[in-house]
Amino acid sequence: MFGESARALCKRKRNEFKSGSVAMASVDKGKSTKKQKYDRQLRLWGDHGQDALENAHVCLINACATGTEILKNLVLPAFTIVDGHKVSGDDAGNNFFLTKSSIGRNRAQAATELLQELNNDVSGNFVEESPDKLLDNDPDFFCRFSLVIAVHLPESTILCLAAFLWGAGVPLLVCRTYGLIGYMRLVVKEHTVVESHPDNALENLRLDHPFPELKKHIQSYALENMEKRDHSHTPWIIVMAKYLEKWRSEHNSRCLRAIQKKKLFENLFDKISSGVDELLQDENSKNIKAQVFINQVEEDIGKLKSCVNSLLQENGLVVNVKDDYIHEFCR
Amino acid sequence: MADVEEPEKKRRRVEELSEKMAVDSGCRDTGDWEGRWNHVKKFLERAGPFTHPDFEPSTESLQFLLDTCKVLVIGAGGLGCELLKNLALTGFRQIHVIDMDTIDVSNLNRQFLFRPKDVGRPKADVAAEFVNNRIPGCIVVPHFQKIQDFDDSFYRQFHIVVCGLDSIIARRWINGMLMSLLSYEDGVLDPSSIIPLIDGGTEGFKGNARVILPGMTACIDCTLELYPPQVNFPMCTIASMPRLPEHCIEYVRILQWPKENPFGEGVVLDGDDPEHIQWVFQKSLERAVQFKITGVTYRLTQGVVKRIIPAVASTNAVIAATCATEVFKIASSAYIPLNNYLVFNDVDGLYTYTFEAERKENCSACSQVPQKLQFSSSAKLQEVLDYLTENTSLQMKTPAITATVDGKNKTLYLQTVASIEERTRPNLSRTLKELGLAEGQELAVADVTTPQTVLFKLNFTS
């Protein structure tokens, strides 16, 4: 049973907090050391991403080399290793988190010790049990985790585990390595991506339908009368919008497909901006062309709704799209 | 360092060293145990559908890895730690590691061989200690030095070189070094002079790994244009029309610091000094307020000043694993190596792609083709200098140009030594004719990007 066999091994070295201001100072110092330590990854996913990682609790089933490598890279979240096996000579030979002295001991416990040693901020636990037994006797054990990683499990166990986790809404990562081949499969019902930090965001600026204040602002620039220096310091959006206006006045946009329009526009832009060196060195210049989408807005909501519905059906999804969702989406 | 040794000598030396370690440390165990190499043996002692067509299973490959094969790991940072772990677990027991850096707190999120107590110590030393302790029998020899501190006699001893560097200049240098070890007989490359170079690089969620067989496949310089240009903002933007918080920070770094010398005359801005960064941060904030720009933070300031590249454990793990696998394949000849360039990106989902980078016919590093310089005889030396630094295939940093004029070796321009720079600076505004250079003249150019001087042939266009 989980209650009896699970022995939490929390080796968390914390500074002893004395009272009042000393404690505060310790907390602040701890916080700033953490910011220093995790600086390089904070730059990737920010404070919220970091918090999410620190508050996660990951379950690894089977502390073989593939599994311990995953935990090594994660480092931050609390982890629990479920493994009923004893460490063999083979295991100790290919796993950085097992040694000769681990041989014969429970693999979950031995690996937890050396993984725990990586980072004092982290709490590691182990359960000396086979996942089959847990699934039989106490499947709810798995509900506490943010993610379960199953390494080298036989199919029967995976199927059982996967069915349970699907119902419990816990994501499952199935992994296997064999010689120079490996695979991983992520099983998650729905995953929301928020606060992403993309390298190059392709934003649809809707420059073909500028809002009134923007239109007025664009009109206040007279590019033809500008000195080269002023021209090259004009925000590129203004330049883009101007040329877009010019292009549309020269072309009847009705009969061309979107991709053709885009190509024609790009050619005109290239011709005119070839003399403008500094503009093209601008931090966003490489995205300029990609960011202009010449929108074709369908004004009939009814048409839109049936179009979206049929698209979803084509892809095997039975969804009845609500009117207010369409309004919200297309706003 | 030692010359290339015969296998028997090396084996004895490894044994001696192991014994010495056991005596010294007392608790260190150097013996193998039952089943230790069973996983590796499965790769080397039986045939399979993925083995190299010429591969014959035997016990000799494993013995070669364990006793003889000597690998050089350059860099003991994010990639280096992973590489050392991977190679040691695979059975490589003679590993040298070079790293000129010491451990910083910000390394601890991914360089897992280091602990808070190690901060300030040389990376190479700590990494070697950790691996030697965890993997009995493995001997990692650390070198707390720059790669440029060693010459060809050092590099010649290795069977394979694998890099986890954070600098393109360093990559080009080691690339050039391995090229210089190649020997040609009657124009034919001697295969035994080839030392394969496996190179890995990472940046945030992106990474790449490549296999270079010097003299045979594309080298670092062949594909120099693949590296994205460094982001440098135009000076007029920084000086008078800033729009981004980065512009404010660059203004303080480039213009305000040298003018105000806040920590003393001639004290250079040190990105690792929090007081320096704090000063830059405050001044950048003031400028940002002036131009109504938001977004200046301490973290951004540090990032811009130090040109910090974000880094995370997982990308380093993937790229190092790829590199270590290639080292294993080449050392064992058991599997077909990567041919020859892999890119990896898991920002959005997971993307990877492999292609064969092609050699450049007139590569300044690896082709035997003499390099040409074509200028009018009335062109100024400055133009030649600009060409050497700006040309995308050359991208030299601080080239020093010498030539033989009237039978004497003449330094035309050198900027890395202040006194010589001052003396030769007037030459930059002289014409090539005035400097006494003739048609067909050879110019020798030295630069940090290569251990050997590059010879250029000067042709006059008019």
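Four salt bridges turn up across the interface of chain B and chain A in this predicted model. One to look at is B:K85 with A:E69, where the closest N and O atoms sit 2.9 Å apart. Beyond salt bridges, count the polar contacts: 11 residue pairs make them across this interface, both partners at pLDDT 80 or more.

So which parts of chain B do the touching? The helices α2 (38-44), α4 (78-90), α5 (123-134), α8 (235-240), α11 (298-305) and α12 (313-332) of chain B each put in at least two residues. The largest share, five residues, comes from α12(B). By type, the residues on chain B's side split into 25 nonpolar, 13 polar and 14 charged.

Now for the extent of it. In chain B, 52 residues are in contact with 41 residues of chain A. People often put the size of an interface as the accessible area lost when the parts come together. Here chain B and chain A bury about 4200 Å² between them, with 60% of that on carbon and sulfur atoms. On the chain B side, B:W33, B:R134 and B:R299 lose the most area to chain A, together 18% of what that side buries.

Let's move to a strand of chain B, β12 (residues 400-405). It's mostly covered, with five of its six residues buried. β12(B) pairs in the antiparallel sense with β14(B) (residues 442-447) over four bridges, and B:I401 stands opposite B:V445 there. β12(B) also pairs with β13(B) (residues 408-413), again antiparallel, over five bridges; B:V405 has B:K408 as its bridge partner. These two strands, β12(B) and β13(B), make a hairpin with two residues between them, and B:D406 in the turn has a positive phi of about 55°.

Methods. Residues are numbered from 1 along each chain as its sequence is written. Chains are lettered from A and ligands numbered from 1 in the order in which they are written. This is a predicted model: local features need pLDDT of at least 70, side-chain atom pairs count only at pLDDT 80 or more; totals for chains, interfaces and linings use all residues. Side-chain values use heavy atoms; hydrogens and water are left out. Buried means under 20% relative accessible area, exposed over 50%, partly exposed in between (1.4 Å probe, protein chains only). Two strands pair if DSSP finds at least two bridges between them. Contact means heavy atoms within 4.5 Å. Buried area is the accessible area (1.4 Å probe) that two parts lose on being put together, summed over both. A salt bridge is a side-chain nitrogen of Lys or Arg within 4 Å of a carboxyl oxygen of Asp or Glu. A polar contact is a pair of N or O atoms within 3.5 Å; within protein, one must be able to donate a hydrogen and the other to accept it, and residues adjacent in sequence count only if both atoms are side-chain atoms. Ala, Val, Leu, Ile, Met, Phe, Trp, Tyr, Cys and Pro count as nonpolar, Asp, Glu, Lys and Arg as charged, and the others, Gly among them, as polar.
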